[in-house]
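Please read the following walk through a protein model with the coordinates open beside the text. The account moves from charged pairs to a sheet, then to the interior and a few individual side chains.

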Amino acid sequence: RRPRSGMSTAVSSMSAAIRGAPVRPRIHRAPRTPAARPLTRARAVEAPVREETSTKQSRKGYRVGVDTLNTFLFREEQRGVVSGDLAIIVNNIAVACKKISNLVAVAPIQNLTGLAGSSNESGDEQKKLDVISNDIFCDAMSDTCRANMIVTEEEDVPLRVEAISGDYIVCFDPIDGSSNIDAAVTTGSIFGIYSSGECEIFEHDSVEEAMEKCVLNARKSGEELVCAGYVMYSSSTVMMLTVGDGVYGFTLDTSTGEYVLSHDDVKIPDPGQRIYSGNNGNVDKWAPEMKAYVRYLQLGGADKAKGPYSYRYIGALVGDFHRTLLYGGIWLYPPDKSAPQGKARLLYEVAPMGFLAEQAGGMAMWGECAEKRVMEVVPENIHQRSPMFVGSSKMVVELQEFLEDRAPVYRNGPRDEL
């Protein structure tokens, strides 16, 4: 086949250029003899020893980050601190709080925010999650068959349930700080488990008589608590728990569904950080001596050289108490003009938190001079309210000394000078 004319011309020109180019002389090299490689024998190489991560152990031998709530309850049962019936109740509370935690997380997209259109016995407007969480708690306690009575913020009267054993009285606030839900701010659930008393109901008792016996049996002081705790729904879900032998915290691992030990044998720092907490918007409603105490902290307290105390307030008992438990300081919940008896409920909020505080080495007090333990108060009704001053022991003692010194003066009329 004949090439195209244009192509033949290009090939001819290229051939001519190649013929006219200088020829590079060939360089003759001696053949390279490959260097003899030394014979080596294969030998086993020891792998580097992997250093095991040290796991912090508690005084009871618990491993932080490893042991779960179930492990904790099992070992406490072996030690005779927890009964099998109580362990079942606590485990069911933990499961109920997992469900509530999930509901809180998706509340804005599941139409669970806003009011439910009703009020509870305490006069608070009920949020949608208040009602749902209450049902979850009540169902969880009924399923245990270990609690013979349930007291909840959302029910007017105690609920009698069938128990095959145990006979505990379980009290709870299903959602503390529910007004924060719509803004995705910290909320939580509080619970207290009381030892049961005598509540004999006879066949001839009327419904009213039987109910009265149940109500009287449910009126317990904090000293009859066998277990108390709370579950906080925030950046993580954390359960703080005491069974009367220290305070332990468990964080929910969402990948496994287990509560894992994260806070071992918690003690409130004493005095801890220079923090005070309380509703500053209500200070003008407080007694003059309490207003003076807040001003005293703002000016630096007993050690003015360190500057003023920091103010922190979330607006949910669980959140504010949790910070105080870990950082120290003091949390103020005094009575005011609009709530002479205080606002927190004694049976299922104040007493359980007081139990936790004392187990963590702190103090929980009430009274004009913060001289009475909240744990000793026997409520007159199941929804009785109570004030509370709780925190580091040194801070609470300092409050007591301040009130004892200033209260008589300020009761005769408010004064601005400290």
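Arg373 and Glu376 meet through their side chains in a salt bridge, at 3.0 Å from N to O, where a salt bridge is a side-chain nitrogen of Lys or Arg within 4 Å of a carboxyl oxygen of Asp or Glu. Arg373 is partly exposed, with a relative accessible area of 24%, and Glu376 is partly exposed as well, at 46%; on this scale buried means under 20% relative accessible area, exposed means over 50%, and partly exposed lies in between, with a 1.4 Å probe and protein chains only. Elsewhere, salt bridges that share partners join Lys60, Glu76, Arg79 and Asp245 into one network.

The model is predicted, and local features therefore need pLDDT of at least 70, side-chain atom pairs count only at pLDDT 80 or more, and totals for chains, interfaces and linings use all residues. Residues are numbered from 1 along each chain as its sequence is written, and side-chain values use heavy atoms, with hydrogens and water left out.

The structure holds 16 salt bridges, among them two further pairs that join a buried residue to a partly exposed one. Asp67 and Arg63 meet through their side chains at 3.0 Å, N to O; Asp67 counts as buried because its relative accessibility is 3%, whereas Arg63 is partly exposed at 31%. Lys220 forms a salt bridge with Glu224, with the closest N and O atoms 3.4 Å apart; here Lys220 is buried, with a relative accessible area of 8%, and Glu224 is partly exposed, with 32%.

Arg373 also leads into a sheet, since strand S16 covers residues 372-373. The secondary structure of the protein comes to 9 helices and 18 strands, which are DSSP runs numbered from the N terminus, helices being H or I with at least four residues and strands being E with at least two. One open sheet has 6 strands in the order S12-S11-S13-S18-S15-S16, with mixed pairing, and its edge strands, S12 (310-311) and S16, each pair on one side only; two strands count as paired if DSSP finds at least two bridges between them. Strand S15 (residues 363-366) and S16 run antiparallel and are joined by 2 bridges, and Met365 has Arg373 as its bridge partner in S16.

How much of the protein counts as buried? Of the 418 residues, 47% do, while the protein exposes about 22,300 Å², of which carbon and sulfur atoms supply 50%; the areas come from the Shrake-Rupley method with a 1.4 Å probe, and for residues only the protein chains shown count as cover. Among contacts with a separation of 6 or more, residues 24 or more positions apart account for 65%, a contact meaning heavy atoms within 4.5 Å.

The interior includes nonpolar cores, each a set of buried Ala, Val, Leu, Ile, Met, Phe, Trp, Tyr and Cys residues joined through side-chain atoms within 4.5 Å. The largest has 44 residues, and those with the most contacts inside it are Leu69, Ile93, Ile193, Met239 and Leu241. Helix H3 (residues 84-106) gives this core its largest share, 10 residues. A second, separate core of 41 residues includes Tyr194, Val247, Ile268 and Leu325. Beyond residues up to four places away in sequence, Leu241 touches a set that includes Leu69, Phe72, Val90, Val247 and Leu356.

Leu325 also belongs to the buried residues of helix H7. This helix (residues 317-327) is largely enclosed by the rest of the structure, because 9 of its 11 residues are buried; including Asp320, His322 and Arg323, the buried set is not restricted to nonpolar side chains. After H7 comes Gly328, whose phi is positive, near 90 degrees.Two buried polar residues complete the picture. Arg146, in the loop between helix H4 (128-144) and strand S3 (147-152), counts as buried because its relative accessibility is 16%. The side chain of Arg146 reaches the backbone oxygen of Thr144 at 2.8 Å, a polar contact being a pair of N or O atoms within 3.5 Å; within protein, one must be able to donate a hydrogen and the other to accept it, and residues adjacent in sequence count only if both atoms are side-chain atoms. Leaving aside neighbours within four places in sequence, Arg146 is in contact with residues including Asp85, Ile88, Asp167 and Tyr168. Ser393 lies in helix H9 (residues 393-411) and counts as buried at 17% relative accessibility. The side chain of Ser393 reaches the backbone oxygen of Gly361 at 2.9 Å, and, not counting residues up to four places away in sequence, Ser393 touches Asp270, Gly361, Gly362 and Met363.
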